[in-house]
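Trainee: I am new to this structure. Please take me through one part of it closely, and then show me what surrounds that part.

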Amino acid sequence: MDIAFTPEQLAFRDEVRAFIAARLPAATRARLRQGHLPNKEETVAWQRILAERGWSAPHWPREYGGAALGQAERLILLDELYRAPAPLPQIFNMNMLGPVLMKFGTPAQRDFFLPKLASLELWFCQGFSEPGAGSDLASLRTSARREGEFYIVNGQKTWTSTAQWADWMFALVRTNPEARKQEGISFLLIDLKTPGITVRPIRSIDGTDHVNEVFLEDVKVPAAHLVGEENKGWDCAKFLLANERTGIANVGLCQERLQLARELAGVDVLAADAALRRELAVLDAEIRALELTNYRFLLTPSQQAALPAFASVLKLKGTEIQQELHALLARLAGADGLEQPVSAEEGPHLVQRYLFSRALSIYGGTSEIQKDILARTILA
Ligand SMILES: Cc1cc2nc3c(=O)[nH]c(=O)nc-3n(C[C@H](O)[C@H](O)[C@H](O)COP(=O)(O)OP(=O)(O)OC[C@H]3O[C@@H](n4cnc5c(N)ncnc54)[C@H](O)[C@@H]3O)c2cc1C
C-alpha cells in the first residue's frame, strides 16, 4: 500500500527531486553514500543552496525566511533529502532553537538570531546533557548565578554533538538550586568564544570526534541571552523536545540504506542467496510499515493529540530498523569494509557507520525510556 498523495503533493515531490538532482554536489552525495555523516562545509554549502527555495527552513514562517510548508510537504522534502542522500537542514538551528525563539524569544533575539540560524552564519549546538544528567535531564547541575547584567556560568556539558564546529550553544542551566528540579532551570544562549569555555572532543568507537565535552568556568553570559523567563527554561526544553517529531522515524534514510544494500549485494548474489533475499524483504516490509505509521501519525493532528506517545513508537522502531540496516551494510561490505579508511573524513565508512549507529538508541531519548513511556501509556 502506498501513501495517497494529492496531485499537488506529487508535483511538489517531483520538483524537489529535480532540484536535488540538479544541485546536490556529486562529492557530497558520494561521501554520504559511503556512510559518512555530512561535515560542516557540506552542510553549510547545501543549506545555502536549499535556502534559494526557502527549503533550508521548510516549516518556518515566510517572515523568518522559511517556506511555510505544510506537514506533508515537509515530510516529502525530508524523505527526498534522505533518499538522495543529501545533508538535512542543520537540526540544532532549524528544528530546535529556531522554533523556541519564535515562541519564547524577545523581538530582539528573533531579529538578531533567526536570519543567522537560517543562513548558518551561526552554528549552534545543544548543551543539555551532563555527566549526571541524561535521561533524567532535570537533574542538571551547571549553574548560572545572576550578577548585574550577566549570568556567571559554571559546570560541564557532555556528548555535545558538533560543538567542535559550533559558534554558539543553547544550554539548560540551573538558576535556582533551592527550587524543585524542573522549576530552577533556565535556557541560555552562550557564545562559545567567551573566556572560560573549553571544548574537548570525545573520540567515539567509529574513530570520529563528533561528540564533545564542554567545560564552563566563570563564563559571563549577558542576561539579554536568557530565552523566556528565568527559572522557566524547562518549558522551552519541553517545547523543543516535543517539537522534534517530524524527522524522528528517518524513513527516507532507511529506504536509501536498503537500496544501497540491494546494490552492494548485486543481482547474482541475491539470486543465489534466499536467506539474504528474505532478510531484505523483511526490512522492506518493516520500512513500509514505518512509513505508513509515520505519515498517519504526523498528518493526523487528532492522533497526535490522542496518542502523544506514538512519537516513541516512531523513535524506537525507526532506530531499530536503522541499526539492522547499518549492520547488514557492514556485513555486505565484507573484507573491504574492514579496511581502515584513509581518514575519518574519506573512504568507505560502512563499518564505522555501523559502529556509530549503536548510539541511535541512546541519543534523542534511549530505547528504554521510549519503552517506559509506551508502557505507561498502555497501562494508563
Ligand atoms: C552520539 C551521541 C550524541 C549526542 N548528542 C547530544 C547533544 O548534542 N546534546 C546533548 O545535550 N546530549 C547529547 N547526547 C546525550 C544523550 O541525550 C544522552 O546520552 C541520553 O539522553 C542518555 O543519557 P545518559 O548518557 O546520561 O545515560 P543514562 O540516562 O545514565 O542511562 C544509562 C542507561 O540506563 C537506562 N535508563 C536510564 N533511566 C532509565 C529509566 N528511568 N528506566 C529504564 N532505563 C533507564 C538508559 O536507557 C541507558 O541504557 C548525545 C549522545 C550520544 C550517544
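Mentor: We start with one helix pair and then move out to the domains, the ligand and two backbone details.

This is a predicted model. Look at helix 8, residues 251–265, and helix 10, residues 274–298. They pack at an angle of about 165°. Their axes are 10 Å apart. Angles over 145 degrees count as roughly antiparallel, so helix 8 is roughly antiparallel to helix 10. The crossing of the two is left-handed.

Which residues make the contact between helix 8 and helix 10? Helix 8 brings V251, C254, Q255, L258, A261, R262 and A265. Helix 10 brings L276, L280, L283, D284, I287, L290, E291 and N294. By class, the contact of helix 8 with helix 10 has 10 nonpolar residues, two polar and three charged.

Now step back to the whole chain. It is divided into three parts: domain 1 (7–89), domain 2 (123–232) and domain 3 (245–379). The C-alpha centres of domain 1 and domain 3 are 20 Å apart. Between these two, 16 residues of domain 1 are in contact with 18 residues of domain 3. On the domain 1 side, helix 4 (residues 71–83) gives the most, with 10 residues. That side of domain 1 divides into six nonpolar, five polar and five charged residues.

Stay with helix 4 for a moment. The loop between helix 4 and helix 5 (91–104) holds P85. A cis peptide bond joins A84 to P85, with omega at about -10°.

Next, find the ligand. How many residues surround the ligand? There are 18, and the closest are F128, G134, S135, T366 and E368. Strand 1 (124–127) and helix 14 (367–379) are the elements that give two or more residues to this shell. The shell has eight nonpolar, eight polar and two charged residues. Domain 2 and domain 3 each supply at least three residues to the shell.

One last stop is on the backbone at W159. This residue is in the loop between strand 3 (150–157) and strand 4 (168–174). Is phi of W159 positive or negative? The value is positive, near 60°, in a residue other than glycine.

To retrace the route: begin at the left-handed crossing of helix 8 and helix 10. Go on to helix 4, on the side of domain 1 that touches domain 3. Then visit the ligand, with T366 and E368 among the closest residues. End at W159, in its loop between strand 3 and strand 4.

Methods: Residues numbered from 1 in each chain as written. Predicted model: local features only at pLDDT ≥ 70, side-chain atom pairs only at ≥ 80, totals over all residues. Axes fitted to C-alpha atoms, helices over the stretch in contact; angles between N-to-C directions. Helix = DSSP H or I, 4+ residues; strand = E, 2+ residues; numbered from the N terminus. Parallel < 35°, antiparallel > 145°, perpendicular 65-115°, else oblique. Left-handed = near helix turned anticlockwise from the far one by under 90°. Contact = placed C-beta atoms within 7 Å. Nonpolar A, V, L, I, M, F, W, Y, C, P; charged D, E, K, R; others polar. Near = placed C-beta within 6 Å. Domains from an automatic or database assignment.
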